[in-house]
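Here is a short tour for a fellow structural biologist. Please keep the model open beside the text as you read.

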Amino acid sequence: MMDLSDFELKALVRSCVEGDADSRIKFQNIFGELIYNYPMMVFRLPNDRAGDFYIYVFDEDRIFKRVRGFEARNDAQFKTYLNYYVLRDLYLEWQRGLKEPETISLATPVSDDSGESSITLEGLLADPTPNADDSLDSAANALELKDFLGKLDSDKRLLLKLLHLADFDLSPQEIRFLCKKSGRSYREIIADIEETRDRLSKKDEQFAALQAQLQSIYGWILLYQKELRKISERLNSLPEASPHFAENRRQKEELERKLEWRYRQRDQTLEKVRQFRVTTAYKDIARLLNAPIGTVCSLIARTREGISGVITKVEVLREAAAT
């Protein structure tokens, strides 16, 4: 990280606030690594999410709106200001803005084409009957995905492939480009790519385990809810003087305790799912490109508007093609 004089720092901040593109790139190259590492060092955020925070910081000029009035004597003082005021506030704001994924009860009726409900979501999930059109849909989605990638410019296509390295193969031209950028041999780059894919494969397995755990939790919640309804109905029909009333009330309280625990377990697991990212870590992309991690974050942040819709589209097609 280069040192800036008082005059250079003020000029840089002023130019960034005014929207000068070159100055903003320079700002990210100088302070990018500090910003990327901040949530991991201070809040123990997983590195998979650090990139999301980095993009949030620069999205809608959030960081520049906050530093516009700051008068620093030197860059060391400015870094302290970033760490203890600007980045802390932005992190807390980012966390407040994160939405919990929407959930749906397993007892929700599922309608057919006629609009009639003959099966619940729980029954549908458990139904192993294959859809005759699944293989055709998967093939069509795979072709659409290939065609979609072919329409992107080379820089965005390579960035997208690196972000989703477990799903896409790099072309010989792209691998040669990485060799040239990193100064490493073809064999070394291939080995690095395979090691990164192995890590992503393990993350994918962890994510699948979280999803299986979540499905199991919903199953227990559904079971406890059914049992509670039965016991509540029995209690309503029993006089308090009945010898069975006390036992049923004890069972009801025990089920309520278990249900509350399952609700907490569900919320904790949903939070893990929400924070999970089965994409290549920015530090791995930085190593493949032989670039500082702040520069990689800057690259993704600068191309976010053009690539965010692309990423969403690719993820939808990729998941559909994999089913």
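In α12, the buried residues are Tyr282, Asp284, Ile285, Ala286, Leu288 and Leu289; buried means under 20% relative accessible area, exposed over 50%, and partly exposed in between (1.4 Å probe, protein chains only). The helix is thus labelled mostly covered, with 6 of its 8 residues buried. Helices (H or I, at least four residues) and strands (E, at least two) are DSSP runs, numbered from the N terminus.

A word on the source: this is a predicted model, in which local features need pLDDT of at least 70 and side-chain atom pairs count only at pLDDT 80 or more, while totals for chains, interfaces and linings use all residues. Residues are numbered from 1 along each chain as its sequence is written, and side-chain values use heavy atoms, with hydrogens and water left out.

Just ahead of α12 comes threonine 280, in the loop between α11 (245-275) and α12 (282-289). Threonine 280 counts as buried because its relative accessibility is 2%. A polar atom of its side chain lies 2.5 Å from the backbone oxygen of leucine 162; a polar contact is a pair of N or O atoms within 3.5 Å, where within protein one must be able to donate a hydrogen and the other to accept it, and residues adjacent in sequence count only if both atoms are side-chain atoms. Setting aside residues up to four places away in sequence, threonine 280 touches Leu162, Leu163, His164, Leu165, Thr196, Leu200 and Ile285, contact meaning heavy atoms within 4.5 Å.

On the other side of α12 sits asparagine 290, in the loop between α12 and α13 (293-302). Aspartate 61 is in the loop between α3 (47-58) and α4 (62-67), and is partly exposed because its relative accessibility is 28%. Both appear in this table of positive phi values in residues other than glycine.

| Residue | Phi |
|---|---|
| Aspartate 61 | near 60° |
| Asparagine 290 | near 55° |

Now to the interior. A nonpolar core is a set of buried Ala, Val, Leu, Ile, Met, Phe, Trp, Tyr and Cys residues joined through side-chain atoms within 4.5 Å. The largest one has 52 residues, of which Phe27, Phe31, Ile35, Ile63, Leu82 and Leu162 touch the most other members. Its largest share, 8 residues, comes from α2. A second, separate core of 12 residues includes Leu214, Ile217, Leu259 and Leu270. Leucine 82 is in contact with Phe31, Leu34, Ile63, Val67, Leu87 and Arg88, leaving aside its neighbours within four places in sequence.

Phenylalanine 43 belongs to helix α2 (residues 21-43) and counts as partly exposed because its relative accessibility is 30%. Not counting residues up to four places away in sequence, phenylalanine 43 touches Tyr38, Tyr91 and Leu92.

How do α10 and α11 pack, and at what angle? Helix α10 (residues 186-237) meets α11 at about 155°, with axes 9 Å apart. That makes the two roughly antiparallel, a label for angles over 145 degrees, with under 35 roughly parallel, 65 to 115 roughly perpendicular and the rest oblique.

Finally, the whole protein: its secondary structure comes to 14 helices and 2 strands, and buried residues make up 37% of its 323 residues. Among contacts between residues at least 6 apart in sequence, 65% join residues at least 24 apart.

Key: Axes fitted to C-alpha atoms, helices over the stretch in contact; angles between N-to-C directions.
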